[in-house]
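Visitor: I would like to learn how to read a model like this one. Could we go feature by feature, starting with the empty space inside?

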Amino acid sequence: MMKKQEKMMKQETKMVGGAEMYPTKNIVENAVNSKDHTTLVAAVKAADLVDVLSSEGPFTVFAPTNAAFDKLPKGTVEALVMPENKEKLQAILTYHVVAGKWNAVDIAKLIKNGNGKAVIKTVAGGILTAWNKGKDVYVTDENGNSAKVTIADVNQSNGVIHVIDTVLLPGMAK
């Protein structure tokens, strides 16, 4: 009897940044354990978005890795986490968040229904465009920067994370 219960309690986890991501934990609770997302977590904290991303949601987060942040011009991240740039940082981070839980199958359907392109409105009010290149899914921002989804469908208690390799920037960040 005990074995059956243990099996039912075993969670379907994904490895991100060397850590297991548990679907019973929220976006923030999981992200803090990923070695690949320390910059994102620090930015979320600096932007006072911890409470939002810990709330019920559901949210879909396109989560840039540390390497993605490292592609930005030198000093960008350091400048963005300064208190006087909090609004700009919030705008950039919420540009990576979509209301609702959109897993890979949902996004694939949107792309198919959109004849190869899916237009997705972010929490920040901006637009992301999802599209396929071979078997890979890419997300393009309003400036034409494209990010590849490297790990899809990391389920959370309050949504889903798709890990991306580039930081997306809203149109105003030019």
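Guide: Keep in mind that this is a predicted model. The structure holds three cavities of 30 Å³ or more. The largest cavity has a volume of about 220 Å³.

Visitor: Which residues are closest to the centre of the largest cavity?

Guide: They are Ile27, Ala31, Leu40, Val44 and Val61, out of 24 lining residues. Now look at the elements around them. Helix 2, helix 3, helix 4 (50–54), strand 3 and strand 9 each give at least two residues to the lining.

Visitor: Next, the cores. What is the general idea?

Guide: Nonpolar side chains tend to be buried together in soluble globular proteins. Here, the largest nonpolar core has 27 residues. Leu53, Val61, Leu93, Ile161 and Val167 touch the most other members. Two or more residues come from each of strand 2 (19–21), helix 2 (27–31), helix 3, strand 3 (59–64), helix 5 (66–70), helix 7 and strand 9 (159–164). Another core lies apart from it, with 14 residues, including Phe62, Val98, Ile111 and Ala147.

Visitor: What does Leu53 contact beyond its neighbours within four places in sequence?

Guide: The list is Asn26, Ile27, Val28, Val44, Phe59, Val61, Val97 and Asn158.

Visitor: How do I read a helix against its surroundings?

Guide: Find its buried residues, then ask what covers them. In helix 7 (residues 86–94), the buried residues are Leu89, Ala91, Ile92, Leu93 and Thr94. Their cover includes helix 3 (38–46), helix 6 (76–80) and strand 4 (97–99).

Visitor: And a strand?

Guide: Side chains alternate between the two faces of the sheet in a regular strand. Take strand 5 (residues 118–121). Ala118 and Ile120 form its covered face, Val119 and Lys121 its uncovered one.

Visitor: How many bridges join strand 5 to strand 6?

Guide: Four, and the two strands run antiparallel. Val119 has Thr129 of strand 6 as its bridge partner. The hairpin has five residues between the strands, and Gly125 there takes a positive phi near 95°.

Visitor: Now single polar residues. Is Thr140 buried or exposed?

Guide: Thr140 counts as buried because its relative accessible area is 13%, and the cut-off is under 20%. Thr140 sits in strand 7 (residues 136–140). Next, look for partners of its side chain. One polar contact, of 2.6 Å, is with the side chain of Trp131. Another, of 2.7 Å, is with the side chain of Ser146. Leaving aside neighbours within four places in sequence, the contacts of Thr140 also include Ile127, Leu128, Thr129, Asn145 and Leu168.

Visitor: Where is His162 found?

Guide: His162 is in strand 9. His162 is buried too, at 1% relative accessibility.

Visitor: Which backbone atoms does the His162 side chain reach?

Guide: Two can be named. A polar atom of the His162 side chain lies 2.8 Å from the backbone oxygen of Trp102. The side chain also reaches the backbone nitrogen of Asp153, at 3.1 Å.

Visitor: What else should I check around His162?

Guide: Compare sequence with space. Ala152 is 10 residues from His162 in sequence, with the C-alpha atoms 4.5 Å apart. Then read the contacts. Not counting residues up to four places away in sequence, His162 touches Thr60, Val61, Phe62 and Ala63, among others. The list also includes Asn103, Ala104, Ile107, Val149 and Ile151.

Visitor: Do any of these contacts appear in the cores?

Guide: Two can be traced. Val61 belongs to the largest nonpolar core, and Phe62 to the core of 14 residues. His162 touches both.

Notes:
Residues are numbered from 1 along each chain as its sequence is written. This is a predicted model: local features need pLDDT of at least 70, side-chain atom pairs count only at pLDDT 80 or more; totals for chains, interfaces and linings use all residues. Side-chain values use heavy atoms; hydrogens and water are left out. Buried means under 20% relative accessible area, exposed over 50%, partly exposed in between (1.4 Å probe, protein chains only). Contact means heavy atoms within 4.5 Å. A nonpolar core is a set of buried Ala, Val, Leu, Ile, Met, Phe, Trp, Tyr and Cys residues joined through side-chain atoms within 4.5 Å. A polar contact is a pair of N or O atoms within 3.5 Å; within protein, one must be able to donate a hydrogen and the other to accept it, and residues adjacent in sequence count only if both atoms are side-chain atoms. Two strands pair if DSSP finds at least two bridges between them. On a 1 Å grid over the protein atoms alone, a cavity is a set of points where a 1.4 Å probe fits but cannot get out, and a pocket is an open set with protein on both sides within 12 Å along at least five of seven lines; lining residues have an atom within 4 Å of a point. Grid points are joined across faces, edges and corners, and a volume is the space filled by probe spheres set on the points.
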